[in-house]
Amino acid sequence: MTPAVSYPLNKVLTAVARQHTMKPALTDDDLAGHTLSEPERAALKAGDIDALYRLGANPYLIRRVFRARFKI
């Protein structure tokens with residue numbers, strides 16, 4: 001079953017992806033100005049890929065931002 005899409009979560013990931021940097025986790029500065037739920041904020045700060053997917057983050061954006069966490 002596909003999770004519901006979270007616009008605020010994907011908006012943050014898009015903003016970070018546009019910086020063309022890989023991050024192990026996001027900082028408070030990365031999240032500043034975005035309205036996120038506490039679970040979304042915690043998953044982004046931890047770089048928790050599974051939680052981000054369950055919360056409705058776009059898989060493409062997850063991979064762009066947290067590329068270093070994926071094993072090749």
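**Exercise 1.** Determine which side chain of opposite charge is nearest to E40, and whether E40 is paired or unpaired in a salt bridge.

*Solution.* E40 is buried, that is, under 20% relative accessible area with a 1.4 Å probe, protein chains only. The nearest side chain of opposite charge is R41, 8.0 Å away; Lys and Arg count as positive and Asp and Glu as negative, His and the chain ends not being counted. A salt bridge requires a side-chain nitrogen of Lys or Arg within 4 Å of a carboxyl oxygen of Asp or Glu, and E40 has none. The E40 side chain does reach the backbone nitrogen of S37 at 2.9 Å.

The model is predicted: local features need pLDDT of at least 70, side-chain atom pairs pLDDT 80 or more, while totals for chains, interfaces and linings use all residues. Residues are numbered from 1 along each chain as its sequence is written, and side-chain values use heavy atoms, without hydrogens and water.

**Exercise 2.** Locate the buried residues of helix α3 (residues 38-46) and state what they pack against.

*Solution.* Helices are DSSP runs of H or I with at least four residues, numbered from the N terminus. In α3, E40, A43 and L44 are buried. They lie on the same side of α3 because they cover an arc of only 95 degrees around the axis, taken from the directions from the helix axis to the C-beta atoms. The buried residues of α3 pack against α1, α2 (28-31) and α4 (49-54). Beyond four places in sequence, E40 is in contact (heavy atoms within 4.5 Å) with S6, L9 and L55.

Key
Buried < 20%, exposed > 50% of the residue type's maximum accessible area, 1.4 Å probe, protein only. Helix = DSSP H or I, 4+ residues; strand = E, 2+ residues; numbered from the N terminus. Polar contact = N/O pair within 3.5 Å; in protein donor to acceptor, adjacent residues only side chain to side chain.
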